[in-house]
Every structure is written in C-alpha cells, then in structure tokens.
Amino acid sequence: MELRFGEKEEQLRAEVRSFLKEQIGGETGGGSQLGSRSDEDFQRAQAFNAALAERGWIAPAWPKEYGGLGASIFEQMVFNEEFGYFGAPDTGTRGFGVGMIGPTLIIHGTEEQKRHYLPKITSGEHIWCQGYSEPGAGSDLASLQTRAVRDGDDFVVNGQKIWTSGGHRANQMFCLVRTDPEAPKHRGISFLLIDDIKNTPGLTIQPLVNMANRHHFNEVFFEDVRVPAKNLVGEENRGWYVGMTLLDFERSGIGTTAAQRRTLEKLTASLREGPEEIRAKYRTKLADFVIANNVGRFLGYRIGYMQSRGEVPNYEASVVKIYQSELGQKIYNFGVNLLGLGGQLMPEEGKAPLGGDLPESYIQAVPSSIYSGTNEIQRNIIATRGLGLPRG
Ligand SMILES: Cc1cc2nc3c(=O)[nH]c(=O)nc-3n(C[C@H](O)[C@H](O)[C@H](O)COP(=O)(O)OP(=O)(O)OC[C@H]3O[C@@H](n4cnc5c(N)ncnc54)[C@H](O)[C@@H]3O)c2cc1C
C-alpha cells in the first residue's frame, strides 16, 4: 500500500512551501506562537497573517461566502502540516479565530453575527482570546462562576477568568458566563462575545508570566462590564452546548507532528556533523523518535481521513492529543540533552545552538499535556467512549 496525498494537494503544498520560505525563511521557533516572545514577534505574526489574508489563506477551509476558499480537509491538512513544519507564527487570529470562534459562529451565530465577525477574522483584523477557565473551573468547566445579569439591552458581567492565552494581544474575547445560578450547572451558562476588550470599561487584563519567563497568558477581571445582548451566541442558558461545539475544521494535530519532524531533522544534521562519541550515544534513540514521529503522523492522517468521510473523530482525537503532546515533551527533552550544556541557551542568547529552539520548545511542551483538555481527561474519554469501560 502506498499512502500519499493526491496531485492537487502536492501542487498546493509546493505553493504553500515556497510562500512560507519567502515569508519566514523557516527560522521561526514554536515559542513565538501568540507573539509571546516580544512585541516584534507579535508584529511579525500580524504581518504574516496580513500576507495570508491577501491570498485568502487565513481560513482556507471555510466556505467561500464566509471568506474562505472552500478547501477540502486534505488541502487544509497540507496548510497545517506546512505551517507546523515552518513554525508559522500566529496572533490569535488563526488559532482562536479560525479554529474556535469562527466555526462556532458558522453553526450557532445569527446572520448578523456571521456577517459582522467572520470577515474580520479572515482579514486578520480581529484577534481573539478564549475566556473559559476560572480559578475554580478548569477540567470541571461547568462549575464556572463568572456571572452575567440581563439589564435592558445589555448583560452586566462580574467575575474572573484565568489562563487567557494571548489576552494581552487580543482585541476580542469569547467567553462562557453563568446566567442562571439556580439551574443545574450545565444549563445556566451562556456564550458571550466581548468586543474591543482593551477599551471596555470594567475589564482588566493582568499578566501571568510562565516558567519560560514569557508573558503568554493572563488573568481577566470583570467589574460591571456591559456587553450588548446582541453579542449572545445561541440561546440564553444554552451556552454550554455552544461552547462545546469546537468544531474545528481539521483536528488531526498534524502541524504539531510536522514541527517535531523539523526538530528531528535539525538534530539529525547536528549529530551527523558533531563528534563521534555524541553520535554513538544518541543515534539509536534518535532513530526511535523518528519512528514514533511517523506513528504520530499517521494517527493524525487517520483523523483527517475520518473527517473527509463526514465522520466526527471522538476518542480518536484524544489518542492523537495524548500521543503528540507526550512525544513532543520527550523529543524536546532529548534534544536539549543531545546539545549538551549549550542546549540550555534560550533564543535570546546569540550563541544558542539551533537558535535556542530546543529549550524554548521543551519548556513550551510541558503544558501541552494540560491545555485543550488535560491528558488525564483524554484518557478518561478513551477508556469510556473508546473502550466502553464504565466510569470509574
Ligand atoms: C499553556 C496553557 C494555555 C491555556 N490557555 C487557556 C485559554 O486561552 N483560555 C482558557 O479558558 N483556558 C486556558 N488554559 C486553561 C486550561 O484549559 C486548564 O488548565 C485545563 O482545562 C485544566 O484545568 P485546571 O488547570 O484548572 O486543572 P484541574 O482541572 O484543577 O486539574 C488538576 C489535575 O487534576 C486532574 N483531573 C481533574 N479532573 C479529573 C478527572 N475527572 N479525572 C482524572 N483527572 C482529573 C487533571 O488532569 C490535572 O492533572 C490554558 C492552560 C495552559 C496550561
């Protein structure tokens, strides 16, 4: 059996690849996602998204009437694979905008909401962040307490969100709020869009600096924040079901696998050129990781294949999430060790081997088993929905 993409996808891949080489030269590391490194990185990500927007490549899989190209799942996989491989930067437009709120609005939004918001995503103007988690609500998200009370044409919001990735860069936030505290916890939640968050009275964004010393996420406080009722998505108190849509058009995580492959290629080159004793020590382990990376790639392709047949991946996506996140942690740890003491130098250090990508990626990979649903929760999903075991 020969597994490969069709001619059309390979032509597209050549086009995307030459665009990426021209735009970013392939030198960007994973750490610049969401512009977490510096203001300059963020501006570069904005310029990159503007160049994508010109080609209609911000949301290629969206229907044409919403500013996409109507690309197939396989074509979108090509985009994601190449973007992952070259470390294409993002601002929150593609990840949160195209990956989360856009598809949610396409399904649950009013015509007016679709007409207003979707073109601002595909133009790169709107940079979104996600206000779901709270200090007392993470895995058990339905325990969220941020309160919204209807007052005339507005909701008045009070409470707090946490771990809001890119909140300091974003101009828009989608969030879950409690509108009926008396109802069973999943039934008293609503889904709200907050516009122009930097200029919204009562809304404060406080930085949370992570262990890589990057300002990636934030705490967001709401004190009598007025949100127009027209910004409600779906029905009041039915927001839980809106919030769980997460109908990403492509959920294979193939970009993550491609980024790992790029790292393995760089490590292979470094071993080939480096001292014999280092080569002898690491060569078979490197071979193991290349095999594991290929397994991850095919697990990802399986998800794309299911989606192309109109099937909705369920526990299969959990398998991919666990496999790719835990493999990434091992690969980046391996890479840091292979490069020796210098392998601990971060990108800011001029002499950092391989541009300092390894320690940056290593630290950034640590939370990958926490976000997007922790790996323990994913294992519960595999046990119950995949293996049919009763809830423990
Ligand atoms: C880098 C990063 C970026 C993030 N970005 C965002 C963002 O932009 N917006 C946003 O809203 N949130 C964001 N989050 C928050 C993320 O969604 C939560 O951290 C995650 O849902 C886990 O919640 P928690 O941290 O409250 O941990 P908890 O839910 O308190 O879990 C603590 C531990 O208990 C385990 N556990 C909990 N319940 C179970 C169970 N039923 N079975 C087995 N084990 C269980 C968990 O797996 C974990 O190990 C981000 C998190 C990280 C790390």
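This is a short chat about reading the domains, helix packing and ligand shell of a predicted model.

Me: Let's start with the big picture. Which domains does the protein chain have?

Reply: The domain assignment gives domain 1 (7–122), domain 2 (128–243) and domain 3 (254–386).

Me: How many residues of domain 1 are in contact with domain 2?

Reply: On the domain 1 side there are 16 residues, and they are in contact with 14 residues of domain 2. Helix H4 (residues 93–108) supplies the largest share of the domain 1 side, seven residues. By class, that side of domain 1 has six nonpolar, nine polar and one charged residues. As for spacing, the C-alpha centres of domain 1 and domain 2 lie 25 Å apart.

Me: Now helices. How are two packed helices described?

Reply: You give the angle between their axes and the distance between the axes. Try helix H1 (residues 7–24) and helix H3 (residues 73–86): they pack at an angle of about 30°, with axes 10 Å apart. Angles under 35 degrees count as roughly parallel, so H1 is roughly parallel to H3. Their crossing is right-handed.

Me: Which residues make the contact of H1 with H3?

Reply: From H1, you'll find Glu9, Leu12, Arg13, Val16, Arg17, Leu20 and Ile24. H3 brings Phe74, Glu75, Val78, Phe79, Glu82 and Phe86. Sorted by class, the contact has eight nonpolar, no polar and five charged residues.

Me: Let's try another pair. At what angle do H9 and H11 cross?

Reply: Helix H9 (residues 315–338) and helix H11 (residues 375–386) cross at roughly 145°, and their axes come within 9 Å. Here the crossing is left-handed. Among the contact residues are Tyr315, Val319 and Ile322 of H9, along with Gln378, Ile381 and Arg385 of H11. By class, this contact has five nonpolar, five polar and three charged residues.

Me: And the ligand? How many residues surround the ligand?

Reply: There are 17, and the closest are Tyr132, Gly138, Ser139, Thr374 and Glu376. Two elements, strand E1 (128–131) and H11, each give two or more residues to this shell. H11 has the largest share, with three residues.

Me: Which classes of residue are in the shell around the ligand?

Reply: Seven are nonpolar, nine are polar and one is charged.

Me: Last one. Why does the ligand lie between domain 2 and domain 3?

Reply: Look at where the shell residues come from. Both domain 2 (128–243) and domain 3 (254–386) give residues to the shell, so the ligand lies between them.

How values were computed
Residues are numbered from 1 along each chain as its sequence is written. This is a predicted model: local features need pLDDT of at least 70, side-chain atom pairs count only at pLDDT 80 or more; totals for chains, interfaces and linings use all residues. Axes are lines fitted to C-alpha atoms, for helices over the stretch in contact, and angles run from 0 to 180 degrees between N-to-C directions. Helices (H or I, at least four residues) and strands (E, at least two) are DSSP runs, numbered from the N terminus. A crossing is left-handed if the near helix is turned anticlockwise from the far one by less than a right angle, and right-handed if clockwise. Two residues are in contact if their C-beta atoms, placed from the backbone, lie within 7 Å. Ala, Val, Leu, Ile, Met, Phe, Trp, Tyr, Cys and Pro count as nonpolar, Asp, Glu, Lys and Arg as charged, and the others, Gly among them, as polar. A residue is near a molecule or strand if its C-beta atom, placed from the backbone, lies within 6 Å of it. Domain bounds come from an automatic or database domain assignment. Angles under 35 degrees count as roughly parallel, over 145 as roughly antiparallel, 65 to 115 as roughly perpendicular and the rest as oblique.
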